[in-house]
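User: Hi! Could you walk me through this protein with some questions and answers?

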Amino acid sequence: MRYVVEPGYAVKVDPSLERVGVLLEPTSVVAKAWEHVERIGRRTTWEPRKALVTGAGPIGLLAALLAVQRGLDTHVLDRVTDGPKPQLVRDLGATYHSGSVEEACKDADVVVEATGVGQLVFDVMQHTGAGGIVCLTGVSSSGRSIGVDAGLLNRELVLENDVVFGSVNANRRHYEQAAEALARADRGWLEGLITRTVPVEQWQESLDRRPDDVKVVIDLSA
């Protein structure tokens with residue numbers, strides 16, 4: 001199976017991943033995020049132990065997968081308390097939370113924020129460990145105001161030597177890193193991310209959010 005990245009170039013995906021090859025693109029996004037996290041971490045002596053991922057959609061769960069593959073104590077925070085997401089997190093060997101950032105993992109070394117929820121973005125900035133790295137992958141909607149103590153936030157970021165950065169698009173090597181990460185992952189777990197497949201002639205149904213949706217796929221084979 002090949003996944004086209006750009007005209008004239010394709011990344012080869014392990015044949016056993018045929019049913020879940022559609023996950024390559026979102027995995028490439030988090031592969032880039034983790035690559036940049038690790039590059040930033042190397043600015044000093046850095047031995048990360050804990051990772052927090054906020055949001056248990058496809059990006060969040062795949063970010064957690066890559067955190068677990070790196071041997072980190074991984075925590076995932078999302079608002080739902082039932083459905084497939086908590087079990088998918090547990091099946092990774094990670095810990096699922098549905099409360100606050102402070103309750104989930106207030107001293108994380110790395111945070112991958114995958115919701116774009118404004119208040120949550122500022123919460124994770126204030127609850128990392130010293131030298132913490134926050135990667136923002138969620139896109140926030142505009143037009144909403146949030147009260148923030150900017151002085152306190154600035155003080156914590158500076159005195160704790162924290163870093164906050166954004167990351168989304170991936171390039172060729174990140175697709176290759178994604179293919180490698182998926183090849184190492186449990187196939188059954190990856191298949192669990194695809195919670196609904198819609199025939200191409202009914203593609204509109206894929207836009208209707210359902211409570212148990214994680215990743216909805218449009219089947220083009222017809």
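Analyst: Happy to! One definition to begin with: two strands pair if DSSP finds at least two bridges between them. Please also keep in mind that this is a predicted model.

User: In what order do the six strands of the open sheet stand?

Analyst: The pairing in this sheet is parallel. Its edge strands are S5 and S8 (163–166), each of which pairs on one side only. Reading across, the order is S5-S4-S3-S6-S7-S8.

User: By how many degrees are neighbouring strands of this sheet turned against each other on average?

Analyst: Direction is ignored for this angle. On average, the turn between neighbours in this sheet is 20 degrees.

User: Which residue in S5 is the bridge partner of Leu77?

Analyst: Let's start with the two strands. S4 pairs with S5 (residues 95–97) in the parallel sense, over three bridges. S4 covers residues 73–77, and the S5 partner of Leu77 is His97.

User: Which residue in S4 stands opposite Leu52?

Analyst: Here we look at the pairing of S4 with S3 (residues 50–54), which is parallel and has five bridges. Within S4, the residue opposite Leu52 is His75.

User: How many of the five residues of S4 are buried?

Analyst: A residue counts as buried when its relative accessible area is under 20%. Strand S4 is mostly covered. The number of its residues that are buried is four.

User: Which helix makes a right-handed β-α-β unit with S4 and S5?

Analyst: S4 takes part in two units of this kind, so let's separate them by their strands. With S3 and S4, the helix is H2 (residues 58–69), and that unit is right-handed. With S4 and S5, the helix is H3.

User: Which residue of S7 stands opposite Val112?

Analyst: Five bridges join S6 to S7 (residues 128–136), and the two strands run parallel. The S7 residue facing Val112 is Cys135.

User: What angle does the direction of helix H5 make with that of S7?

Analyst: H5 (residues 118–126) packs on the sheet, where it touches S3, S4, S6, S7 and S8. Compared with the direction of S7, that of H5 makes an angle of about 150 degrees.

User: Which side chain of opposite charge is nearest to buried Lys85?

Analyst: Lys85 lies in helix H3 (residues 84–91). Its contacts include Ala56, Tyr96 and Val214. A salt bridge needs a nitrogen and an oxygen within 4 Å, and Lys85 has no salt bridge because its nearest side chain of opposite charge is 4.2 Å away. That side chain belongs to Asp78.

User: How many salt bridges does a search of the whole structure find?

Analyst: Side chains of opposite charge can pair when their charged atoms come close. Glu35, Arg39 and Arg173, for example, are linked in a network of salt bridges. For the whole structure, the search finds seven.

User: How many residues apart in sequence are the parts that Glu191 and Arg19 tie together?

Analyst: Glu191 and Arg19 form a salt bridge whose closest N and O atoms are 3.7 Å apart. Glu191 sits in helix H8 (residues 187–193) and Arg19 in the loop between S2 (9–12) and H1 (24–41), so the separation along the sequence is 172 residues.

User: Is Arg19 buried or exposed?

Analyst: The cut-off for exposed is over 50% relative accessible area. Arg19 has 66%, so it counts as exposed.

User: How far apart are the closest N and O atoms of Lys50 and Asp107?

Analyst: Lys50 is in strand S3, and Asp107 is in the loop between H4 (101–105) and S6 (108–113), 57 residues apart. Lys50 is partly exposed at 29% relative accessibility, and Asp107 is partly exposed at 37%. In their salt bridge, the closest N and O atoms are separated by 3.4 Å.

User: Which residue forms a salt bridge with Asp213?

Analyst: Asp213 is buried, and its partner is too. The closest N and O atoms of the pair are 2.7 Å apart. Asp213 is in the loop between S9 (194–199) and S10 (215–219), while the partner lies in S9, 17 residues apart. The partner is Arg196.

Definitions and conventions: Residues numbered from 1 in each chain as written. Predicted model: local features only at pLDDT ≥ 70, side-chain atom pairs only at ≥ 80, totals over all residues. Heavy atoms only, no water. Buried < 20%, exposed > 50% of the residue type's maximum accessible area, 1.4 Å probe, protein only. Lys, Arg positive; Asp, Glu negative; His and termini not counted. Contact = heavy atoms within 4.5 Å. Axes fitted to C-alpha atoms, helices over the stretch in contact; angles between N-to-C directions. Lists of a residue's contacts leave out its neighbours within four places in sequence.
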